[in-house]
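Biologist: Could you take me closely through one part of this model, the place where a sheet is built up strand by strand and a helix is laid against it? Please go on from there to whatever else helps me to place that part in the whole.

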Amino acid sequence: MVTDTFRLLHSGDWHVTQGDRIDGQRDVLQALVRSGVEHEVDAFVVPGDLSGTTVPHEMTRRERDVLCDVIQTAANYAPFFIVRGNHDDPADILLFRRLAARHSITVLTHAERRIIGGRRDNLAHLHSLPYVTKRMLLASAGSPYGVEAQNIHAQALVEQLLLSWRDIETSPVPGATPLPRIMLAHGNVGGSATAGGEKLIGREIDLMATLLDQLQMDYIALAHIHLAQDAGLFGRFPGSPYPVDFGETDPKGWLIVDVRRGMLPEVARVPSPAKPLVTIGARWGLVDDRWVWTWDKRPANLEGHEVRVRLEVPDDAIATCDFEAAEQLVRDAGAIAVKVDHKPIVTTRLRAGAILQARTTAEKLKATFDAWGNIPEDAQLRALARLEELETGEARALGEPDGTS
């Protein structure tokens, strides 16, 4: 049945990566496909960064197998659209077009526009903007001199392209009802936030939200930023479907979007079943004359989680530290992978305040002995006595009072 509503499942930034987390990533992506079926979407759209974390990333066989299985399953239900991201190797993602499925698998590696069909034979006008760099733009359009001039020129070229799409007729035939206009883009929108709260602008070519709102699109499906957020009235970042690194503590998921011509999109968020990446801290210290780990939160119920353990150890106690016991405690709690970060605490620096506050040389020497902590008492007394002799001799040579009668 043909309808004027085009329903999308919008996701992005999958970063399927070889290693301990790949099975969990596969399970989440399979849940994503099931979600698309349950919501009866007309198409799946993924604007880039399907695998890896290097730029660009060459897929491993295992990564490719996971992605092929997920994409093929999705395309057996509805058309699947991919736009190249900055982590995607074009040669890798173009292979997905060769998968046999009931519906089409479209991979877009260049800026273009086309009419597309959905699962219910409904139509939409699709505009694609793969990740662009200043080098790519300036190589094709000529480069002015000076870094600042090049940045301005590259930004202007992208804006010129996007504005050229604004007034294009969106009906398949003259006089027919205009089709919904959907844009898929991989890139930063100036002022977007990361999971850590950092605002991004000026580091790459920015798609400004004020510009996106002028393009007469009915929905702009974005990827590149892993934190879910709006980008103007029509643009959305769905965020990654699972955490890609330990700094991503935000809720994960994907979007179901109803797109109609001339109306604001109706967007519903589906929460991801992904397990969060967990960070646990511990300190090595003396408790009742025994060296033990003191945990911020005792490791428990970590079944299926990937865990980062941050261990703080005094530098003068490293030899007594049982790192393996700390890691094993986390593994015994069910973690599928454990990353240990060791942070030494420089104890002499922590005690240096007493040295700075000392007024006399003798007080400074005593504070230094305390900071070292391993100087025998008889050696300290000899050193202090020698210091007194030197100071008395120096005072007499200068004709100063030495404190004796």
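Modeller: In this predicted model, I would begin with strand 17 (residues 306–314), which runs parallel to strand 18 and is joined to strand 18 by nine bridges. Within that pairing, Val309 has Val340 of strand 18 standing opposite. The two strands belong to an open sheet of four strands with mixed pairing, in the order 16-15-17-18. Strand 16 and strand 18 (337–345) are the edge strands, and because each has a single partner strand, one side of each is left without a neighbour in the sheet. On average, and with direction ignored, neighbouring strands here are turned by 25 degrees against each other. Against this sheet packs helix 7 (residues 323–332), which touches strand 16, strand 17 and strand 18, and whose direction makes about 145 degrees with that of strand 18.

The mixed character of the pairing can be followed on the side of strand 16. Strand 15 (residues 278–287) and strand 16 (residues 290–295) run antiparallel and are joined by six bridges, with Leu286 opposite Trp291 of strand 16. These two strands form a hairpin that leaves two residues between them, and in the turn Asp288 has a positive phi of about 55 degrees.

To place this part in the whole, it helps to set out another sheet, which is also open and mixed but is formed by six strands in the order 4-3-2-1-13-14. Its edges are strand 4 (105–108) and strand 14 (266–271), each of which pairs on one side only. Neighbouring strands of this six-stranded sheet are turned by 20 degrees against each other on average, again with direction ignored. At one end of the order, strand 13 (residues 253–259) pairs with strand 14 in the antiparallel sense over six bridges, and Ile256 has Ala268 in strand 14 as its bridge partner. Helix 1 packs on this sheet, where it touches strand 1 (6–10), strand 2 (43–46), strand 13 and strand 14, and the direction of helix 1 makes about 20 degrees with that of strand 13. Helix 2 packs on the sheet as well, touching strand 2, strand 3 (80–83) and strand 4, with a direction that makes about 135 degrees with that of strand 3.

Those two helices also pack on one another: helix 1 (residues 22–38) and helix 2 (residues 61–75) have axes 9 Å apart, at an angle of about 10 degrees. Because angles under 35 degrees count as roughly parallel, helix 1 is roughly parallel to helix 2. Helix 1 makes the contact through Ile22, Asp23, Arg26, Leu29, Gln30 and Val33, while helix 2 contributes Arg62, Glu63, Val66, Asp69, Val70, Thr73 and Ala74. By class, the residues of this contact comprise six nonpolar, two polar and five charged.

The last item is enclosed empty space, for which a search of the whole structure finds one cavity of 30 Å³ or more. The volume of the largest cavity is about 60 Å³, and its lining consists of Leu129, Pro130, Tyr131, Val132, His186, Gly187, Glu204, Ile205 and Leu207. Sorted by class, that lining has six nonpolar, two polar and one charged residues.

Technical notes:
Residues numbered from 1 in each chain as written. Predicted model: local features only at pLDDT ≥ 70, side-chain atom pairs only at ≥ 80, totals over all residues. Heavy atoms only, no water. Axes fitted to C-alpha atoms, helices over the stretch in contact; angles between N-to-C directions. Parallel < 35°, antiparallel > 145°, perpendicular 65-115°, else oblique. Contact = heavy atoms within 4.5 Å. Nonpolar A, V, L, I, M, F, W, Y, C, P; charged D, E, K, R; others polar. Pairing = 2+ DSSP bridges. 1 Å grid on protein atoms, 1.4 Å probe; cavity = no way out; pocket = protein on both sides within 12 Å on 5 of 7 lines; lining within 4 Å. Points joined across faces, edges and corners; volume = space filled by probe spheres on them.
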